[in-house]
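Please keep the sequence and the three-dimensional picture side by side while you read. The paragraphs below go from a single residue to the whole chain and then to the ligand.

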Amino acid sequence: MEAKAVSASRAEFTHLVLPPDTNALGTIFGGRIMEWVDIAAAIVSQRHCRTTAVTASIDELHFIHPVRLGDIVILKVSVNYVHKSSMEIGVSVEAEDPRSGLRRQTSSAFLTFVALDEAGKPTPVPPLILETQEDQKRFEAGRIRMERRKQQRLKRQKKG
Ligand SMILES: CC(C)(COP(=O)(O)OP(=O)(O)OC[C@H]1O[C@@H](n2cnc3c(N)ncnc32)[C@H](O)[C@@H]1OP(=O)(O)O)[C@@H](O)C(=O)NCCC(=O)NCCS
């Protein structure tokens, strides 16, 4: 299978925080960010594998700063690591105040997507071409996290 560069699927998504996205305090619901993160990661994973991919897991997601009504939310998304049928997708979430232009990171997340064939079975994904040192750093960190997740799954399965 032909390898693909990280840059071939990398993407940035922009949203405006509107009233239906917010709670009584005028800050965004965590669930809305989670939805945007999941959809953005689904798009990037499917751009890499060019087949259907489903969310297998989402690592811890922390909300570091409140995101307010009227803020611009930017999601920077790329494939960090691929194994056989699974891909780790990294998402960085930033909020920008449209008046001041001040931007800060509010969340980051790692999601695992699994590519499926037409029968709904896991299917191999293209290897990743690492073009930059940053790509290499992310790949190695993703490899370690993927290994840790596998160990944790095995432990859970043993516990029953
Ligand atoms: C994800 C899913 C396809 C894995 O199927 P499976 O039969 O357990 O597949 P396997 O055990 O053969 O594993 C296939 C790959 O998935 C990875 N994987 C399986 N479960 C995982 C999990 N919970 N977290 C991360 N990776 C996982 C495996 O490590 C393996 O990766 P590799 O091929 O790169 O080595 C299956 O559990 C599923 O369909 N889950 C529901 C997905 C879904 O509906 N998501 C939407 C939100 S509910």
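A residue is called buried if 20 or more other C-beta atoms lie within 10 Å of its own, and exposed if 12 or fewer do. The model in front of you is a predicted one, and the rule just given can be tried on Val77, whose place is in strand β4. Val77 has 25 C-beta neighbours inside 10 Å, and therefore counts as buried. Leaving aside residues up to four places away in sequence, Val77 touches Arg10, Ala11, Phe13, Ala40, Ala41, Val44, Ile89 and Val91. The C-alpha atoms of Val77 and Ser108 are separated by 9.9 Å, although these two residues are 31 residues apart along the chain.

With one residue in view, we can turn to the whole protein. It has two helices and seven strands, and from the N terminus on these elements run in the order β-β-α-β-β-β-β-β-α. The C-alpha atoms fill a box of roughly 45 × 40 × 30 Å when it is taken along the principal axes. A compact globule of 160 residues would have a radius of gyration near 15 Å, and the protein has 17 Å, which agrees. Buried residues make up 29% of the 160 residues. If we take the contacts between residues at least 6 apart in sequence, 73% of them join residues at least 24 apart.

The helix α1, residues 30-49, has 20 residues and reaches 29 Å from its first C-alpha to its last, close to the 28 Å expected at 1.5 Å a residue. Which residues of α1 are buried? They are Ile33, Val37, Ala40, Ala41, Val44, Ser45, His48 and Cys49. These residues lie on the same side of α1, because they cover an arc of only 155 degrees around the axis. On the other side of α1, Gly31 and Glu35 are exposed. The buried residues of α1 pack against six strands, namely β1 (4-5), β2 (11-16), β3 (52-58), β4 (72-82), β5 (86-96) and β6 (103-116). After α1 comes Arg50, whose phi is positive, near 55 degrees.

Some of these residues return in the largest nonpolar core, which has 30 residues and in which Val37, Ala41, Met87, Ile89 and Val91 have the most contacts. The elements that give two or more residues to this core are α1, β4, β5 and β6. Ile89 is a useful residue to follow here: not counting residues up to four places away in sequence, Ile89 touches Ala41, Val44, Ser45, Val77, Val79, Asn80, Leu111 and Phe113.

The helix α2 can be described in the same terms. It has 27 residues and reaches 39 Å from its first C-alpha to its last, close to the 39 Å expected at 1.5 Å a residue. Is α2 well covered or hardly covered? It is hardly covered, for the count of buried residues among its 27 residues is two. After α2 comes Gly160, whose phi is positive, near 85 degrees.

Finally, consider the ligand, which is surrounded by 14 residues, the closest being Ser57, His83, Lys84, Ser85 and Ser86. The elements β3, β6 and α2 (133-159) each supply at least two residues of the shell around the ligand, and the largest share, four residues, comes from β3.

Technical notes: Residues are numbered from 1 along each chain as its sequence is written. This is a predicted model: local features need pLDDT of at least 70, side-chain atom pairs count only at pLDDT 80 or more; totals for chains, interfaces and linings use all residues. The expected span of a helix is 1.5 Å times one less than its number of residues. The arc is that of the directions from the helix axis to the C-beta atoms. Two residues are in contact if their C-beta atoms, placed from the backbone, lie within 7 Å. The radius of gyration is taken over C-alpha atoms; the globule rule is 2.2 Å times the number of residues to the power 0.38. A nonpolar core is a set of buried Ala, Val, Leu, Ile, Met, Phe, Trp, Tyr and Cys residues joined through C-beta atoms within 7 Å. A residue is near a molecule or strand if its C-beta atom, placed from the backbone, lies within 6 Å of it.
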